[in-house]
Amino acid sequence: MSATYERECQNNARLDELASKVSALRGVTIDIYDQARNHEVIDQTTDTFSSMGSQLKGSATRLGRMAASGNKVAILKLSGILIGSFLVVYYLYRLFVG
């Protein structure tokens, strides 16, 4: 009877070891999934910024063409809009942050 009891204890110990290994493996799997998801978010962000850079480059090109055409009124209007936008953003920033 004592040999049976020892084997049962050994089986229970091995079962506990196996359960801890399965838990560790589950944790590693979840970590891998989280890392893959983080890389996907980073890739999407990179794509968004690349698109924004292309659009900004196109806008700068059109602005350069307009400035080269010599339309003084349009240049003054654009300058006023840019300065006004900057001031609004600056004052909103100061209002909410500082």
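Q: How many aromatic pairs does the structure hold, and what makes two rings a pair?
A: The structure holds 2 aromatic pairs. Rings of Phe, Tyr and Trp (its six-membered ring) pair if their centres lie within 6.5 Å; planes under 30 degrees apart are stacked, over 60 edge-to-face, and the rest tilted. This is a predicted model, where local features need pLDDT of at least 70, side-chain atom pairs count only at pLDDT 80 or more, and totals for chains, interfaces and linings use all residues. Residues are numbered from 1 along each chain as its sequence is written, and side-chain values use heavy atoms, with hydrogens and water left out.

Q: Why is the pair of Phe86 and Tyr90 called stacked?
A: The centres of Phe86 and Tyr90 are 6.4 Å apart, with 20° between the planes. The distance is within 6.5 Å and the angle is under 30 degrees, so the pair is stacked.

Q: Where do Phe86 and Tyr90 lie?
A: Both lie in helix H2 (residues 72-96), 4 residues apart, about one turn of the helix. Helices are DSSP runs of H or I with at least four residues; strands are E runs of at least two; both are numbered from the N terminus. An α-helix has 3.6 residues a turn, so residues three or four places apart point the same way.

Q: Why is the pair of Tyr90 and Tyr91 called edge-to-face?
A: The ring centres of Tyr90 and Tyr91 are 5.5 Å apart and the planes stand at 70°, so the pair is edge-to-face. Ring pairs link Phe86, Tyr90 and Tyr91 into a cluster.

Q: What makes Phe86 exposed, and what makes Tyr90 partly exposed?
A: Buried means under 20% relative accessible area, exposed over 50%, partly exposed in between (1.4 Å probe, protein chains only). Phe86 has 57%, so it is exposed. Tyr91, at 54%, is exposed. Tyr90 has 35%, so it is partly exposed.

Q: How do you know that H2 is hardly covered?
A: The count of buried residues among the 25 residues of H2 is 1. Ile75 is in helix H2; at 27% relative accessibility, Ile75 is partly exposed. The C-alpha atoms of Ile75 and Leu63 are 8.9 Å apart, with their positions 12 residues apart along the chain.

Q: How do you know that the span of helix H1 agrees with its length?
A: The expected span is 1.5 Å times one less than the number of residues. The 68 residues of H1 (residues 2-69) should span 100 Å, and its end C-alpha atoms are 101 Å apart, which agrees. H2 should span 36 Å; its ends are 36 Å apart, which agrees. Just after H1, Gly70 takes a positive phi of about 85°.

Q: Why is Glu17 called partly exposed?
A: Glu17 has 45% relative accessibility, so it counts as partly exposed. Glu17 is in helix H1. Glu17 and Asn38 are 21 residues apart in sequence and 32 Å apart in space, C-alpha to C-alpha.

Q: What radius of gyration does the chain have, set against that of a compact globule?
A: The globule rule is 2.2 Å times the number of residues to the power 0.38, with the radius taken over C-alpha atoms. A compact globule of 98 residues would have a radius of gyration near 13 Å; the chain has 32 Å. The C-alpha trace spans about 105 × 35 × 10 Å along its principal axes. The chain has 2 helices and 0 strands, and buried residues make up 1% of its 98 residues.
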